[in-house]
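Me: Please take a close look at a single part of this model. I would like one connected account of how that part is placed and what it meets.

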Amino acid sequence: MERAQGQLEAEMQNLEEEKNRVIEEAFIRAESEMKAVHENLAGVRMNLLSLQPALRTLTSDYNCLKRQVQDFPFMLDKAITEAKREICQVISEVSSTNQELLRKYKREMNLRKKCHNELVRLKGNIRVFCRVRPVSQEEQDSADSKTMLSFDSEDDAILYLSNKGKTMTFELDKVFSPQATQEEVFQEVQSLVTSCIDGFNVCIFAYGQTGSGKTYTMEGVLDDPGINQRALRLLFSEVTEKAPDWDYKITVSMVEIYNETLRNLLGENPTDKLDIKMNPDGSGQLYVPGLTEFVVQSPEDINKVFELGHMNRATACTNLNEHSSRSHALLIITVSGFNASTGNRTQGKLNLVDLAGSERIAKSGAEGSRLREAQCINKSLSALGDVINALRGKHSHVPFRNSRLTYLLQDSLNGDSKTLMMVQVSPLPNNMSESVCSLKFAQRVRSVELSLSSSFSRRHENSSTSSSPTHDSVELDSPPVTPVPLPISRASSAGSTLSSASRTPSISRRRSQSQLSTGRLKLTA
């Protein structure tokens, strides 16, 4: 028991020591943890102190945002009002700029037209060209194939003609040698075609004896077209180029004057006679009731028109040509334009005329119905010569009504219209008398000047028809009765605005179209 007691006492002491050690360790840990807690608490207190300013800032920002949200409708209205004001100001500035650009555009357009018109005017009031046809192989093989014409190597406006041992000199605006191509000829003509787009009336005549190449120059062949086809191609090209600003409408008519009778080559009955009448609206302009018109939009449409017109044209065989044209053929092209930006309107007419042969009756060997045709042809050419003489002499009366040809083309042979006469001559000796007549007449035509005051005199239309000598009665040294493009006076101010004389025909034509009888056909190709 003593031993057991001693062991118990030893264990009790060990346990007491162990207890004291554990208590001491727990106290140390508790003290350490308490210290850490105090340190954390101090950190939290520091954080709280630093968060207070941030909290005040957030509170301030929140209050500010709250006020902004409350003020947003007012600020939005103000911003919208300001934006509207700025937009209106920009629109006003753009509109002002557009007006200035439009003014400059109009000025440049008028300046271009004026410069173009002045260029054409400077080239001649009535321009007269001469084209010498080449000698065919059959003619070269004949004994009488010597060429009687020669050209000036330094001046392409001079032509020399040898006749009866004498050399005659003719000065024109341009002379084309037999080697001249269709393209070279048209390059000299295209400025007149452009004038048609600008609202002017233009006449291009082909004049000369039968077989001198008039139809070839005007119509050409399929692979090498003449003035007619090339003029229309140029019109379509110009119209396409101006398409963004201008809206153009091109209409085509074809008529022939056969035995002083006006015939519609595009109508269902080409033998029906048409009449030229005064427009009942009091404008003093002429129109043709029942004349068929095609609206064309491409060169392909034109080919269809040409094909129909050529089928209906009167031709016959004479001593000078197996397929001689026995009538004057007129291709009438009207170009109407409207500019939506400026409100400007233009209307021009292009008359392309292939005149019948101008040879003497004895030379052509015409008999019977051919004789009557030749007499009518020479009468109309003589009337054209009378008109040229009256214009040249600035007479108060110009006899436009003496012939259907001059009467129909009166509005394109007056005022600020533009005219070109293409004289066709043969270089062969047996045609020299006709060539001399044609060239002398061409020189007379070249000297014509027109004035606006005389060109639209009403007396021209109310005058009675006077008789004119036939082509056969013209002496060799006097100008033959030749179809001549009537002189077109170009007003110096035509570039800025169309003269009243040029606008009047356009207005009258539009009025006349609305008053045509139901018999008139207006077709679209």
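Reply: What follows concerns helix 4, its partner helix 6, and the loops described after them.

This is a predicted model, in which local features need pLDDT of at least 70 and side-chain atom pairs count only at pLDDT 80 or more, while totals for chains, interfaces and linings use all residues. Residues are numbered from 1 along each chain as its sequence is written, and side-chain values use heavy atoms, with hydrogens and water left out.

Helix 4 spans residues 190–197. Helices here are DSSP runs of H or I with at least four residues, strands are runs of E with at least two, and both are numbered from the N terminus. Of the 8 residues of helix 4, 7 are buried, so the helix is largely enclosed by the rest of the structure. Buried means under 20% relative accessible area, exposed means over 50%, and partly exposed lies in between (1.4 Å probe, protein chains only). The buried residues are Ser191, Leu192, Val193, Thr194, Ser195, Cys196 and Ile197. Just after helix 4, Gly199 has a positive phi of about 105 degrees.

The axis of helix 4 comes within 10 Å of the axis of helix 6 (residues 227–241), and the two cross at roughly 50 degrees. Axes are lines fitted to C-alpha atoms, for helices over the stretch in contact, with angles running from 0 to 180 degrees between N-to-C directions. The two helices are therefore oblique to each other; angles under 35 degrees count as roughly parallel, over 145 as roughly antiparallel, 65 to 115 as roughly perpendicular, and the rest as oblique. From helix 4, Gln190, Val193, Thr194 and Ile197 meet Ala231, Leu234, Leu235 and Glu238 of helix 6, where contact means heavy atoms within 4.5 Å. These residues divide into 5 nonpolar, 2 polar and 1 charged. Ala, Val, Leu, Ile, Met, Phe, Trp, Tyr, Cys and Pro count as nonpolar, Asp, Glu, Lys and Arg as charged, and the others, Gly among them, as polar.

Next come the loops. Thr210 is in the loop between strand 6 (202–208) and helix 5 (214–219), and is buried at 6% relative accessibility. Gly213 lies in the loop between strand 6 and helix 5 and is partly exposed at 21%.

Asn259 is in the loop between strand 7 (246–258) and strand 8 (261–264). Asn259 is buried, at 16%, and has a positive phi of about 50 degrees although it is not a glycine. Glu260 also sits between strand 7 and strand 8, with a positive phi near 60 degrees.
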